[in-house]
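Trainee: I am new to this structure and would like a close look at a single part of it, with enough of the surroundings that I can find my way. Could you take me through one charged residue and then through the charged and buried places elsewhere in the chain?

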Amino acid sequence: MAKGLADWLYDNGEDVVYIEDKINIEDIKKINPEFIISYNYKYIIPKDIIDYVKGKAINLHISYLPYNRGSYPNVWSFLEDTPKGVTIHYIDEDIDTGDIIIQKEVFIDEDKETLRSSYEILHREIQELFKKNWDSIKSGKITPRKQTGKGTIHFKREFSIFEPLIREKGWDTPIKELKEKWEKLKYELKITKKEV
């Protein structure tokens, strides 16, 4: 996915250095990029790198921020019934808290889609949003806005919370089935707490 977007940028005349490994300030000084685009990148970009590129570091995140910052945003949007969507935002020192450049709410048919298919829909949407707006993002023509509201955040370690619900079918678990199992689990946990 990220490589495909890097190829698109290259095909559109951008000088692109594609990196999947963890970057450090020495790497960045050698490359001396005008812009950093983080997409499906599994590491947090440190402040010294953000400062080096004078804040020109953006992230493509498959959630409707401020909801579902961090890991597994797609899954948590269904479990917690929060808005679904995609967001392009500036990177700051925290996790997915930077100013929003542009975002789009996305409808997912929960009766038809699986975790995998919904994930693919969100990635198509964010790539399309990026491609349509790249020139304006690069030139700074879009006025960013602060994130408002508390929102939600989740971490990689929280995979263990919902892993039993998708153990049988994995990412091909239908969303409807996932939500039914989640409601049953929450009910069972409440009963257990009352009994204790």
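**Glutamate 113 and its setting**

Mentor: From the N terminus on, the elements of the protein chain follow the order α-α-β-α-β-β-α-β-β-α-β-α-α, which gives seven helices and six strands. Please keep in mind that this is a predicted model. Its C-alpha atoms fill a box of roughly 60 × 35 × 30 Å along the principal axes, and buried residues make up 43% of the 196 residues in the chain. Among the contacts with a separation of 6 or more, 62% are between residues 24 or more positions apart. The accessible surface comes to about 11700 Å², and 50% of that area belongs to carbon and sulfur atoms.

The part to look at closely is glutamate 113, which lies in the loop between strand E5 (100-105) and helix H5 (115-138). What is the nearest side chain of opposite charge to glutamate 113, and how far away is it? It is that of arginine 124, 6.9 Å away, and glutamate 113, although buried, has no salt bridge. A salt bridge needs a side-chain nitrogen of Lys or Arg within 4 Å of a carboxyl oxygen of Asp or Glu, and the 6.9 Å to arginine 124 can be read against that cut-off. What the side chain of glutamate 113 does have is a polar contact with the side chain of serine 117, at 2.6 Å. Leaving aside residues up to four places away in sequence, glutamate 113 touches Ile108, Ser118, Ile121, Pro174 and Ile175.

For contrast, consider charged residues that do have such partners, since the structure holds 15 salt bridges. One of them joins the side chains of arginine 167 and glutamate 163, with 2.7 Å from N to O; here arginine 167 is exposed, at 57% relative accessible area, while glutamate 163 is partly exposed at 22%. Glutamate 163 falls within the span of helix H6 (residues 159-166), where Phe162, Leu165 and Ile166 are buried. Seen down the axis of H6, these buried residues fall within an arc of 85°, so they line one face of the helix.

Glutamate 177 is another buried glutamate, with a relative accessibility of 17%, and its side chain meets that of lysine 169 in a salt bridge of 2.7 Å, N to O. Lysine 169 is itself partly exposed, with a relative accessible area of 37%. The side chain of glutamate 177 also forms a salt bridge with that of lysine 181, at 3.2 Å from N to O. These two residues are four apart in helix H7 (residues 175-195), so about one helical turn separates them, and lysine 181 is partly exposed at 26%. Elsewhere, salt bridges that share partners join Asp81, Lys84, Glu110 and Lys179 into one network.

Aspartate 81, a member of that network, lies in the loop between helix H4 (73-79) and strand E4 (85-90), and its relative accessibility of 56% makes it exposed. Its phi is near 55°, a positive value in a residue other than glycine. Most residues other than glycine have a negative phi, and most peptide bonds are trans. Aspartate 96 likewise has a positive phi of about 55° without being a glycine, and it sits in the loop between E4 and E5; unlike the exposed aspartate 81, aspartate 96 is buried, with a relative accessible area of 11%. The peptide bond from leucine 65 to proline 66 is cis, with omega near 15°, and proline 66 is found in the loop between E2 and strand E3 (69-70).

The remaining place to visit is helix H1 (residues 2-11), in which Ala2, Leu5, Ala6 and Leu9 are buried. They cover an arc of only 105° around the axis, which puts them on the same side of H1. These buried residues pack against strand E1 (36-39), strand E2 (57-61) and H5, the helix that follows the loop of glutamate 113. The face of H1 turned away from its buried side carries the exposed residues Tyr10 and Asp11, and just after H1, glycine 13 takes a positive phi of about 90°.

How values were computed
Residues are numbered from 1 along each chain as its sequence is written. This is a predicted model: local features need pLDDT of at least 70, side-chain atom pairs count only at pLDDT 80 or more; totals for chains, interfaces and linings use all residues. Side-chain values use heavy atoms; hydrogens and water are left out. Buried means under 20% relative accessible area, exposed over 50%, partly exposed in between (1.4 Å probe, protein chains only). Lys and Arg count as positive and Asp and Glu as negative; His and the chain ends are not counted. A polar contact is a pair of N or O atoms within 3.5 Å; within protein, one must be able to donate a hydrogen and the other to accept it, and residues adjacent in sequence count only if both atoms are side-chain atoms. Contact means heavy atoms within 4.5 Å. The arc is that of the directions from the helix axis to the C-beta atoms. Accessible areas come from the Shrake-Rupley method with a 1.4 Å probe; for residues, only the protein chains shown count as cover.
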